[in-house]
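Subject: Handover of a structure, with notes on what was found

Dear colleague,

I am passing the structure below on to you, together with my reading of it. Please have the coordinates open while you go through the notes that follow.

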Amino acid sequence: MSDITPPSSTAENQLAQGQTATPQDINATVAAYEAEVLTKCQTDLADLQAKSAELADQYLRAKADIENARRRAEDDVAKARKFAIEGFADSLLPVLDSLEAGLTIKDATVDVIREGAQATLRQLVAALERNKVIAINPAPGSKFDPHLHQAISVVPSDHEANSVVTLLQKGYLISEQVLRPALVTVSAPK
């Protein structure tokens, strides 16, 4: 409103010329000024209301976009889980086929069964590795790692203290997270 200046009026002209302004002239000048101020305020209010409506619309659109993005992300996570399981199951199907084929052989010798079991085991290990399931198989004498190993017992040994003495059961990592720790016996301090 600082750009509104009082209108020059008859009253101001009279005062500038040293004449006396009448109350009607002063009232007319004040009324004209008030009308101009009111018009300017109404224009400013209309502009601000339009800007407010525009910002409210932008806010609602942004809120809807965020909600849609959240829903899409949830759907993507659900699909990723579903398809990860499908991919894992798909990689195990050849192992299942091999086991079923081995069971259909009626006159199999021990050597044939052993050979078939070894081939099937190789298929299973390959399928697990493709799906980032890696065996934890610590060698005797390796350092005990409580993040990867679970000590079942502590036994006297020639190995350095807190070293793996024997592996009782392999452990497994899946995508670098422990799925199951390796079960080991650990050497006792000397």
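Which residue in β6 does Val-164 stand opposite? The residue facing Val-164 is Val-186 of β6. Before I go further, please keep in mind that this is a predicted model.

**The open sheet**

The strand β6, which covers residues 182-187, pairs with β3 in the antiparallel sense, and 4 bridges hold this pairing. Both strands belong to an open sheet of 3 strands, whose order is β2-β6-β3 and whose pairing is mixed. The edges are taken by β2 (149-155) and β3 (164-169), and because each of these has a single partner strand, one side of each is left without a neighbour in the sheet. On average, and with direction ignored, neighbouring strands of this sheet are turned by 30° against each other.

**The strands around β4**

Strand β4 comprises residues 171-174, and its side chains alternate: Gly-171 and Leu-173 point to one face and are buried, whereas Tyr-172 and Ile-174 point to the other face and are not buried. This can be read against the general rule that the side chains of a regular strand alternate between the two faces of the sheet.

Two pairings of β4 can be described. With strand β1 (residues 133-136), β4 runs antiparallel and is joined by 4 bridges, and here Gly-171 in β4 is the bridge partner of Ile-136. With strand β5 (residues 177-180), the pairing of β4 is again in the antiparallel sense, over 3 bridges, and Tyr-172 has Arg-180 in β5 as its bridge partner. The strands β4 and β5 form a hairpin with 2 residues between them, in which Ser-175 takes a positive phi near 50°.

**Packing of α2 against α3**

Helix α2 spans residues 23-104. It packs with helix α3 (residues 110-130) at an angle of about 180°, the axes of the two helices being 9 Å apart. Since an angle over 145 degrees counts as roughly antiparallel, α2 and α3 are therefore roughly antiparallel to each other. On the side of α2 the contact is made by Phe-88, Ser-91, Leu-92, Pro-94, Val-95, Ser-98 and Leu-99, and on the side of α3 by Thr-120, Gln-123, Leu-124, Ala-127, Leu-128 and Arg-130. By character, the residues of the contact of α2 with α3 divide into 8 nonpolar, 4 polar and 1 charged.

One residue of this contact can be followed in detail, namely Ser-91, whose place is in helix α2. Is Ser-91 buried or exposed? Its relative accessible area is 9%, and because buried means under 20%, Ser-91 counts as buried. If residues up to four places away in sequence are not counted, Ser-91 touches Ala-127, Arg-130 and Asn-131.

**Salt bridges**

How many salt bridges does the count come to? The count comes to 5 salt bridges, and I describe some of them here in the setting of helix α2.

Asp-44 forms a salt bridge with Lys-40, in which the closest N and O atoms are 3.0 Å apart. Both residues lie in α2, 4 residues apart, which is about one turn of the helix. Asp-44 is partly exposed, with a relative accessible area of 24%, and Lys-40 also counts as partly exposed, at 26% relative accessibility.

A salt bridge likewise links Asp-57 and Arg-61, with 2.9 Å between the closest N and O atoms. Because Asp-57 and Arg-61 are 4 residues apart in helix α2, about one helical turn separates them. Asp-57 is partly exposed, with a relative accessible area of 36%, while Arg-61 counts as exposed, at 54% relative accessibility.

The side chains of Arg-70 and Glu-74 meet in a further salt bridge, at 2.5 Å from N to O, and these two residues, being 4 residues apart in helix α2, are also separated by about one helical turn. Arg-70 counts as partly exposed at 38% relative accessibility, and Glu-74 is partly exposed with a relative accessible area of 45%. Arg-70 and Glu-74 are moreover linked with Glu-67 and Arg-71 in a network of salt bridges.

With best regards

Notes:
Residues are numbered from 1 along each chain as its sequence is written. This is a predicted model: local features need pLDDT of at least 70, side-chain atom pairs count only at pLDDT 80 or more; totals for chains, interfaces and linings use all residues. Side-chain values use heavy atoms; hydrogens and water are left out. Two strands pair if DSSP finds at least two bridges between them. Axes are lines fitted to C-alpha atoms, for helices over the stretch in contact, and angles run from 0 to 180 degrees between N-to-C directions. A salt bridge is a side-chain nitrogen of Lys or Arg within 4 Å of a carboxyl oxygen of Asp or Glu. Buried means under 20% relative accessible area, exposed over 50%, partly exposed in between (1.4 Å probe, protein chains only). Contact means heavy atoms within 4.5 Å. Angles under 35 degrees count as roughly parallel, over 145 as roughly antiparallel, 65 to 115 as roughly perpendicular and the rest as oblique. Ala, Val, Leu, Ile, Met, Phe, Trp, Tyr, Cys and Pro count as nonpolar, Asp, Glu, Lys and Arg as charged, and the others, Gly among them, as polar.
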